[in-house]
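Reader: I would like a close look at how one helix near the start of this chain is packed, taken slowly and with the terms explained. Please then carry on to a later helix and the loop residues that follow.

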Amino acid sequence: MNDTWDHTYDVVVVGSGSAGMAAALTARLRGLTVLVVEKTEVYGGSTALSGGAIWVPNNFHLDAAGLGDTPEKARAYLDATVGDRVPAERKDAYLAYGPRMVREFHDRTAVRFVYTPGYSDYYPERLGGYPQGRSVEPRIFDFKRLGPEQRATMRRAGLPTYGLTITSKDFRRLNMVGRTWAGRRTAARVGGRAVKALLSGQRLLSLGEALIARMRHSLDALGGELWLSTPLTGLVEKDGRIAGIRVTRDGRDLAIRATGGVVLASGGFSHDQRLREKYLPAPTSTEWSAAAEGQTGDALELATALGAGTDLMDKVWGAPSVVVPDGAPFFLVADRGVPGMVIVDGAGDRYANEAAPYHEFVDAMYAHDKPGASTVPSWLILDAAAKSRYLFMGLLPGQPFPKPWLESGFVRKAATVEELAGRIGVPPARLRATVDRFNGFARAGRDEDFHRGDSVYDRYYGDPTLPNPNLAPLEKGPFHAIPVHPGDIGTKGGLVTDATARVLREDGTPIDGLYASGNVSAAVMGETYPGPGATIGPAMTFSWLAVNDIARTRETREIRETRETRESHGTHEARETRESR
């Protein structure tokens, strides 16, 4: 590489999801020039498609809510969930600096969160776990605060919300709109919010869209640059460090210098079938992923070509999903917690707690997949009572499944359990026996096989009017069956990094000038998923740490260079004095 650069910045960031935006915001807060390059024609990454929550223990929102969280409790919980699968210094860095990131962004940018009470940690019964939860979600944001071009180029989630702005706190109540007064009051409040926004001319955003819009608004205010449709094509190494990147923009190959460092925040490899088949359990398919389409592992492969180490490459942020015809995968979150529903394998047997945390359920799908009893796909069986009572796959209580879903065979329908079994290729007597056994547990209020409803997390999306919020017998036809696949919201394996997000070689030494955060890096959460937002929280935190390290290293270098210049100048003056004598 010669010394010809087309552009120069202090920090160059690859990717425009929460990890990339957090890096860019931190750079501007430290007075550094920054450029974000985004491969696709829209910004926001998978964050814009997500719930937007962050799981950052001991942050000030939790203090304000009186949660009583402490670093010791948080560390005990990570030890009880993540264990020693991840180096202790990375866990310690996350717990120490995550709250500082949340505080600084709140104080100095438009990034705002609000506590979501009751959305429990995913393993609240383990040491240090919180049944009340540690999750905070983005505050609702008026889309019109962004300029026209920024609005037009932001990735949109396209969730089936019927024009309403719904937070995760709202959704829990709305899921029970046909069952509880709390659900009905929430529906009225959400409707009133929509009317007020319409009359005032606001365009309200929530969830991941609100987080990305807030970050984009903040970046614009702070003076950071963002280039769209600019794929990364190379990492430029010079004098033993990563000095910049190569990209393609408007048909031109450009070299962009990064005087401080390059932060890779480009997501994982969910949409590269070759890499999925190389690393992930089989079977696997890009069609099952709800991650943003640009996540094809480009940065990951460029870094490994330079000797970067990798870890957790066989893991995903699991998301049991249904692949809707001519549509995106639908991530089953609350849908697996409703009563009157079971999930069975190809032999007609249950094999896991249907309401378990989503990543855990995907692990169970692979663990139990076998010839004659395939779990890929599994079959979700729903009776008419459950269909009439609860939100399901974005459909209102009692709203029929769309006709094309039924006509295509995506949704199978039958008057009896035995007839339904025939339509999904499951032994009728076996499925009948499974449903009868489950119905017995439901009437007794305890799932003796898989303990569905025992955990506080299970009950979060359940029906509080029932003795066990997650259990009700499947008795009323017609019955429906929908295929469920082991989907994901992103891969979680990637580049090995240290406590400041520096990318490490296979021998453990850092690659100077190269950092990584988010799903392009190996997750600090290891093989598990401690709570809602345990993807975005670390992504933002380690981006913040990366740029702080860049700023600190730059300051140290400038101080050293200044001292060396002064010493050199002093030596030169002394020589001139001696010579003049």
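Author: In this predicted model, the axes of helix α1 (residues 18-29) and helix α4 (residues 88-108) come within 12 Å and cross at roughly 65 degrees, the axes being lines fitted to C-alpha atoms, for helices over the stretch in contact, with angles running from 0 to 180 degrees between N-to-C directions. That angle makes α1 roughly perpendicular to α4, since angles of 65 to 115 degrees count as roughly perpendicular, those under 35 as roughly parallel, those over 145 as roughly antiparallel and the rest as oblique. The crossing of α1 past α4 is left-handed, a term for a near helix turned anticlockwise from the far one by less than a right angle, with right-handed used if it is clockwise. A22, L25, T26 and L29 of α1 make this contact with E104, F105 and R108 of α4, where contact means heavy atoms within 4.5 Å.

Because the model is predicted, local features need pLDDT of at least 70 and side-chain atom pairs count only at pLDDT 80 or more, whereas totals for chains, interfaces and linings use all residues. Residues are numbered from 1 along each chain as its sequence is written, and side-chain values use heavy atoms, with hydrogens and water left out. Helices (H or I, at least four residues) and strands (E, at least two) are DSSP runs, numbered from the N terminus.

α1 also packs with helix α8 (residues 207-222), their axes 10 Å apart and at an angle of about 25 degrees, which makes α1 roughly parallel to α8. This crossing, too, is left-handed. On the α1 side the residues are S18, M21, A22, A24, L25, R28 and L29, and they meet L211, I212, M215, R216, S218, L219 and L222 of α8.

The later helix is α15 (residues 428-444), whose 17 residues reach 24 Å from first C-alpha to last, close to the 24 Å expected at 1.5 Å a residue; the expected span is 1.5 Å times one less than the number of residues. Its buried residues are L431, T434, V435, F438, N439, F441 and A442, buried meaning under 20% relative accessible area, exposed over 50%, and partly exposed in between (1.4 Å probe, protein chains only). Seen down the axis of α15, these residues fall within an arc of 160 degrees, so they line one face of the helix, the arc being that of the directions from the helix axis to the C-beta atoms. They pack against β15 (341-344) and α14 (417-424), while A429, R443 and A444 are exposed on the other side of α15.

After α15 comes G445, with a positive phi near 85 degrees. G445 is also one of the residues in contact with N468, along with R446, R452 and G453, once neighbours within four places in sequence are left aside. N468 itself sits in the loop between α16 (456-460) and β18 (479-491), and with a relative accessible area of 6% it is buried.

Most residues other than glycine have a negative phi. In the loop between α15 and α16 lies H451, whose phi is near 60 degrees, a positive value in a residue other than glycine. H451 counts as partly exposed because its relative accessibility is 36%.
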